[in-house]
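The report below goes through the strands and sheets of one model and then turns to its loops and surface. Please keep the sequence and the 3D view side by side while reading.

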Amino acid sequence: MNQTVPGGQRLYLGIDGGGSKCRVVLTDANLKILGEGLAGPANPLRGMDVATQSILNASYQALEMAGLSSDDFSRLHVGAGLAGVNVPYYYQLFQKWQHPFAALYLTSDLHAACFGAHQGQDGAVIICGTGSCGLAAVAEQVLEVGGHGFPHGDNGSGAWFGLQLLQTVLRSKDGLTAATLMTELLQQHTGLQDTLALALHFMSASATDYARLAPLVFQAAEQQDELAQQIIVAGAAHINAIATRLMTLKPPAISLIGGLCDKLRPYLAPAVQALLVDASQTPELGAIWYAKSCENAKFSGDIKVKGAV
């Protein structure tokens, strides 16, 4: 991309910061992309020093791609959608950060994703990936549902599906439930046959580890495995429940985001499917839409989460 941006021109930076990586995009006032960057975790739960350094590293990459330098940090009007800032304590920590930018408008990563999906207009998003959660933003009201983390939350997510698979297989191998194709698929996936060995293998597994098992559930269901089909119906019911809660704000459209979207879509209620649209833009660009909305005083810049569960 390597281009020189005229001095004095207003620049925008959109940040999508999660627990594993931080993506940024640099644009001009017309949302023309000038540069991009990628760095490590930007969730303050990983530590403020880690999060802020990731943001700065990714931002510098984007500036360098645009032919700019760290001296141009002060030209950046930044929208930041960050995981973890829905927790007031971490939100306040970021509000106190002595950042180098011209302005920083902070919200959750899910809120930024909603802005991107609907280009700053009213709408809702539901994440169906490693985790699960949903958010609706309508008439300056914001309702966030889920996102409590695995294993105590995130039903209907990749991690949840993987955990259900493991639990079902262990019960089946103990003769407590019917035989299932998922047993064979899991044994092939891990190379382990013994029940205890399987249990020990996943003793310290992360949400990401379990999410890698989710495709096995759908593979078994496609081969008419009854227990796998039951798991999918239960997971989809939770995503349906999220959608129903979000629909109390009457969003004109809902976008599904994440690796399980296509798999779960056929199981959603007709009323939910009728509202589904593809996301228009990325969360990084959504963060810029959010910053512009704050500057236009449509939003105050504070997170406004109403009715969070």
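Two strands are said to pair if DSSP finds at least two bridges between them, and the strands themselves (E, at least two residues), like the helices (H or I, at least four residues), are DSSP runs numbered from the N terminus. This is a predicted model, in which local features need pLDDT of at least 70 and side-chain atom pairs count only at pLDDT 80 or more, while totals for chains, interfaces and linings use all residues. Residues are numbered from 1 along each chain as its sequence is written, and side-chain values use heavy atoms, with hydrogens and water left out.

**The four-stranded sheet**

With these terms in hand, strand 6 (residues 123-128) and strand 9 run parallel and are joined by four bridges; within this pairing, I126 has L256 of strand 9 as its bridge partner. Both strands belong to an open sheet of four strands, ordered 8-7-6-9 with mixed pairing. Strand 8 and strand 9 form the edges of this sheet, each pairing on one side only, and the twist from one strand to the next averages 15°, where axes are lines fitted to C-alpha atoms (for helices over the stretch in contact) and angles run from 0 to 180 degrees between N-to-C directions.

**The five-stranded sheet**

A further open sheet has five strands in the order 3-2-1-4-5, again with mixed pairing. Its edge strands are strand 3 (33-39) and strand 5 (103-108), each of which pairs on one side only, and here the twist averages 15° from one strand to the next. Strand 1 (residues 11-17) runs antiparallel to strand 2 (residues 22-28), and seven bridges join the two; L13 stands opposite L26 of strand 2. Helix 12 (residues 283-295) packs on this sheet and touches strand 1, strand 2, strand 4 (76-82) and strand 5, its direction making about 125° with that of strand 1, with contact taken as heavy atoms within 4.5 Å.

**Loops and backbone**

Two residues other than glycine have a positive phi, and their values are set out below.

| Residue | Phi | Loop |
|---|---|---|
| Q224 | near 65° | between helix 8 (214-222) and helix 9 |
| K250 | near 60° | between helix 9 (226-246) and strand 9 (254-257) |

Are these two residues buried or exposed? Buried means under 20% relative accessible area, exposed over 50%, and partly exposed in between (1.4 Å probe, protein chains only). Q224 counts as exposed because its relative accessibility is 59%, and K250 likewise counts as exposed because its value is 66%. K250 lies 117 residues from C133 in sequence, and their C-alpha atoms are 17 Å apart in space.

Another backbone feature is the peptide bond from F150 to P151, which is cis, with omega near 10°; P151 is placed in the loop between strand 8 (141-146) and helix 4 (158-173).

**A nonpolar surface patch**

Which residues make the nonpolar surface patch? L196, L200 and M203 do, over about 350 Å². M203 sits in the loop between helix 6 (195-201) and helix 7 (207-211), and M203 counts as exposed because its relative accessibility is 58%. Patches are made of residues with over 30% relative accessible area and no salt bridge, like charges being joined within 9 Å and nonpolar side chains (Val, Leu, Ile, Met, Phe, Trp, Tyr) within 5 Å. Accessible areas come from the Shrake-Rupley method with a 1.4 Å probe, and for residues only the protein chains shown count as cover; a salt bridge is a side-chain nitrogen of Lys or Arg within 4 Å of a carboxyl oxygen of Asp or Glu.
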